[in-house]
2 protein chains.
Amino acid sequence: MPTTTHTGKSDLDRDARDLYAALSDLVRLYQFRDRDTICCHDISVTQCYALQSLERGGAMTLTALADDLMLDKSTTSRVAETLERKGYLRRERHPEDARAMRIEITARGKTLCQRIERDLMDEERNIIESLDPAVRRAAIGVVRDLARLAAARIGRQAACCAVDTEQV
Amino acid sequence: MPTTTHTGKSDLDRDARDLYAALSDLVRLYQFRDRDTICCHDISVTQCYALQSLERGGAMTLTALADDLMLDKSTTSRVAETLERKGYLRRERHPEDARAMRIEITARGKTLCQRIERDLMDEERNIIESLDPAVRRAAIGVVRDLARLAAARIGRQAACCAVDTEQV
DNA sequence: AGGATATAGTTGCTAGTGACAACTAATGGA
DNA sequence: TCCATTAGTTGTCACTAGCAACTATATCCT
């Protein structure tokens, strides 16, 4: 078995395939874990993402929130509407721009958000507690790197169908 | 800084938090990447998952498909209905059980599925091509292990809200 | 055999997701 | 001042998702 780098192309293809398969599994499992954990708490996954954005980023406009969530303004507007109705955020006119809204998480929203994050983190702990500490640290580094690479590549450009020369 | 394992509890907490944060980022980015890549091809993410299940698992009943997708029978039934209308799968009475359906991917469905997987894999390759081959292999191993652990922990038990003693 | 029970799948209902397009209102530059 | 731009909302369409009710078939028990 060659450990050198001279067969780079086919290795890369194989690695891409393997990583794709492994990441697909991981992402799907976590999606369902998130859904099952979050949905016990009165809000949906998208609504939870929105609250997390607001908790971390502080008060922001609807457009900023939409960018953060990588969603259309209209979708974001309705998500915010639902969350306001449920009492987890506040919407008020922006003091410096009468067109814009200032969206802010409420204390109730913060509490909910923290409870959900605690639950998710507990799950996380259960999942990794069997791992050797050194392996755990390595895993964290790897996942961070992958996330960083993915963000650099696909991160903040949610443009769909920019290139599509062939059709089904 | 202690490199021994005698402070296991707080290390585990910290690692759980770090891994939670890193994985959250990764999962969200991949969710959006999947959505943007798949939605260029006439079907939704859920529909694509269903086709992938059918491509890998071969013909199966609706209940089996629902289990695989971790979705309710009713949702699965409607997903299958849409995919049949679009010509990507076939539904027929099961030869051995007149209650059941035999759901099978069509050639057209297979082609679509492969095209999407190729696109996703291309993305994957672009993301990891900057990594050293040894690092890539290590990353694949780590992701696989995490997926395996997650599957063992949360995998095939999509029961929601089994324990919930406190309310908001 | 025949009735009770269980299983497979569909359909009605409700709520939410998500995009696009059309719209209102306010801003800001020429 | 007027016009293009920007912020957000609303209408519409298609799909996602779960629960509950329903039909049809299968299986189990006596």
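1. Symmetry of the two chains. In this predicted model, a turn of 180° with a shift of 0.0 Å along the axis lays chain B on chain A at an RMSD of 0.0 Å. The superposition is a least-squares fit on C-alpha atoms of residues with pLDDT of at least 70 in both copies. This is the relation of a two-fold axis. Within chain B, Val27(B) has the C-alpha nearest the axis, at 2.7 Å. Both copies use the same surface, since 100% of the contact residues of chain B recur in chain A.

2. Conventions. Residue numbers start from 1 along each chain as its sequence is written, while chains are lettered from A and ligands numbered from 1 in the order in which they are written. Because the model is predicted, local features need pLDDT of at least 70 and side-chain atom pairs count only at pLDDT 80 or more, whereas totals for chains, interfaces and linings use all residues.

3. Chain A as a fold. Chain A contains 6 helices and 2 strands, in the order α-α-α-α-β-β-α-α along the sequence. Helices (H or I, at least four residues) and strands (E, at least two) are DSSP runs, numbered from the N terminus. Of its 168 residues, 31% count as buried; the term requires 20 or more other C-beta atoms within 10 Å of the residue's own, with 12 or fewer counting as exposed, the range in between as partly exposed, and C-beta atoms placed from the backbone. Among contacts in chain A between residues at least 6 apart in sequence, 49% join residues at least 24 apart.

4. The contact between the chains. Chain A and chain B each put 57 residues into their contact, a contact being a pair of residues whose C-beta atoms, placed from the backbone, lie within 7 Å. On the side of chain B that touches chain A, α1 (8-38), α5 (107-128) and α6 (133-154) each supply at least two residues. The most comes from α1(B), with 20 residues. By class, that side of chain B has 35 nonpolar, 5 polar and 17 charged residues. Here Ala, Val, Leu, Ile, Met, Phe, Trp, Tyr, Cys and Pro count as nonpolar, Asp, Glu, Lys and Arg as charged, and the others, Gly among them, as polar.

5. Helix α1 of chain B. Asp13(B) lies in this helix and is partly exposed, with 13 other C-beta atoms within 10 Å. From Asp13(B) to Cys39(B) the separation is 26 residues in sequence and 38 Å in space, C-alpha to C-alpha.

6. Surface near DNA strand D. This strand is surrounded by 24 residues, the closest being Thr63(A), Ser74(A), Ser44(B), Ser74(B) and Ala98(B); a residue is near a strand if its C-beta atom, placed from the backbone, lies within 6 Å of it. Two or more residues each come from α3 (62-69), α4 (73-85) and β2 (97-105) of chain A and from α2 (45-57), α4 (73-85) and β2 (97-105) of chain B. The largest share, 5 residues, belongs to α4(B). The classes are 6 nonpolar, 10 polar and 8 charged.

7. Surface near DNA strand C. Around this strand there are 25 residues, and the closest are Ser74(A), Thr63(B), Ser74(B), Ser77(B) and Ala100(B). The elements giving two or more residues are α2 (45-57), α4 and β2 of chain A, with α3 (62-69), α4 and β2 of chain B. Here α4(A) makes the largest share, 5 residues. The surface has 7 nonpolar, 10 polar and 8 charged residues.

8. Packing of α2 on α4 in chain B. The axes of α2(B) and α4(B) are 10 Å apart and the helices pack at an angle of about 85°. Axes are lines fitted to C-alpha atoms, for helices over the stretch in contact, and angles run from 0 to 180 degrees between N-to-C directions. The two helices are therefore roughly perpendicular, a label covering 65 to 115 degrees. In α2(B), Thr46(B), Gln47(B), Ala50(B) and Leu51(B) meet Val79(B), Ala80(B), Thr82(B) and Leu83(B) of α4(B). This contact divides into 5 nonpolar, 3 polar and no charged residues.

9. Backbone at Met70. Most residues other than glycine have a negative phi. Met70(A), although not a glycine, has a positive phi of about 55°; Met70(A) sits in the loop between α3 and α4 of chain A. Met70(B) likewise has a positive phi, near 55°, and lies in the loop between α3 and α4 of chain B. Met70(A) is buried, with 20 other C-beta atoms within 10 Å, whereas Met70(B) counts as partly exposed with 19.

Note on methods:
Contact = placed C-beta atoms within 7 Å. Parallel < 35°, antiparallel > 145°, perpendicular 65-115°, else oblique.
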